[in-house]
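This note sets out points for a colleague who is meeting the structure for the first time. Please read the points in order, with the model at hand.

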Amino acid sequence: MSGIASVSFVGRRAAQKERVRILYRRALRETLNWAVHRHLFYPDADALRERFEANRKVEDVETIDRLIADGEASYNKWRHPDPYIVPWAPGGSKFNRNPVPPEGIEIVYDYGKEEAELV
């Protein structure tokens with residue numbers, strides 16, 4: 001391989017490794033949407049890991065690209081229609097439940113002790 005070809009090959013392999021890592025993490029998080037309880041999640045996570053490990057030794061760049069495309073298509077097909085959102089995160093049920101009061105309203109936090117300070 002010439003110098004430019006090897007640099008191109010190394011760059012492509014690095015990009016593929018990054019895409020596989022991102023796909024695995026996204027798929028693992030998506031598995032939590034389908035099995036919220038940990039005792040249901042662990043077998044699914046193990047099965048997902050086995051699917052990724054089965055193709056770990058593939059060296060052909062074109063085959064790797066095809067496997068990544070198939071994995072991303074499978075991920076998009078099996079995405080949960082109503083994903084679990086942590087309650088206090090944006091989109092969660094507790095997010096912004098108590099909004100900031102409007103300007104001009106004074107809030108007193110000493111709960112009746114303010115009269116003792118006036119004396």
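Helices here are DSSP runs of H or I at least four residues long, numbered from the N terminus. With that in mind, the following points may be checked against the model, which is a predicted one.

1. Overall architecture. The protein has four helices and zero strands, and its order along the sequence reads α-α-α-α. Of its 119 residues, 14% count as buried. Among contacts between residues at least 6 apart in sequence, 57% join residues at least 24 apart.

2. The nonpolar core. Which residues make up the largest nonpolar core? There are five in all: L23, Y24, A27, L48 and Y75. Helix α1, which spans residues 3-34, supplies the largest share of this core, namely three residues. As a general matter, nonpolar side chains tend to be buried together in soluble globular proteins.

3. Surroundings of Y75. This core member deserves a separate look. Leaving out residues up to four places away in sequence, Y75 touches L23, R26, A27 and E30. Two of these names, L23 and A27, also appear in the list of core residues.

4. The largest pocket. The volume of the largest pocket is about 1100 Å³. It is lined by 29 residues, of which V20, L23, Y24, R51 and F52 are the closest to its centre. The elements giving two or more residues to this lining are α1, α2 (38-53) and α3 (61-77). Helix α1 provides the largest share, eleven residues. Sorted by class, the lining holds 14 nonpolar, five polar and ten charged residues. L23 and Y24 belong to the largest nonpolar core and are also among the residues closest to the centre of this pocket.

5. The second largest pocket. About 180 Å³ of space lies in the second largest pocket. Its lining consists of R29, L32, N33, V36, R38, Y84, I85 and V86. Once again α1 is the main contributor, giving the most to this lining with three residues. The classes here are five nonpolar, one polar and two charged residues.

6. Salt bridge between R13 and E59. A search of the whole structure finds eight salt bridges. In one of them R13 pairs with E59, and the closest N and O atoms are 3.4 Å apart. Why does this pair tie together parts that are 46 residues apart in sequence? The reason lies in the placement of the partners: R13 is in helix α1 while E59 is in the loop between α2 and α3, so the bridge joins those parts. Are the two partners buried or exposed? R13 counts as buried because its relative accessibility is 17%, under the cut-off of 20%. E59, at 54% relative accessibility, counts as exposed, the cut-off for that class being over 50%.

7. Salt bridge between R19 and E72. The side chains of R19 and E72 also meet in a salt bridge, with an N to O distance of 3.2 Å. This pair links distant parts of the chain, with R19 in helix α1 and E72 in helix α3, 53 residues apart. R19 is partly exposed at 34% relative accessibility, and E72 is likewise partly exposed, with a relative accessible area of 24%.

8. Salt bridge within helix α2. E53 forms a salt bridge with R49, the closest N and O atoms being 2.9 Å apart. Both residues lie in helix α2, four residues apart, which is about one turn of the helix. E53 is partly exposed, with a relative accessible area of 34%, and R49 falls into the partly exposed class at 37%. Elsewhere, salt bridges that share partners join R12, E62 and D65 into one network.

9. Position of P90. Where is P90 placed? P90 sits in the loop between α3 and α4 (114-118). With a relative accessible area of 61%, P90 is exposed. Apart from neighbours within four places in sequence, P90 is in contact with I85 and F95. Of these two, I85 is one of the residues lining the second largest pocket.

Notes
Residues numbered from 1 in each chain as written. Predicted model: local features only at pLDDT ≥ 70, side-chain atom pairs only at ≥ 80, totals over all residues. Heavy atoms only, no water. Core = buried A, V, L, I, M, F, W, Y, C linked by side-chain atoms within 4.5 Å. Buried < 20%, exposed > 50% of the residue type's maximum accessible area, 1.4 Å probe, protein only. Contact = heavy atoms within 4.5 Å. 1 Å grid on protein atoms, 1.4 Å probe; cavity = no way out; pocket = protein on both sides within 12 Å on 5 of 7 lines; lining within 4 Å. Points joined across faces, edges and corners; volume = space filled by probe spheres on them. Nonpolar A, V, L, I, M, F, W, Y, C, P; charged D, E, K, R; others polar. Salt bridge = Lys/Arg side-chain N within 4 Å of Asp/Glu carboxyl O.
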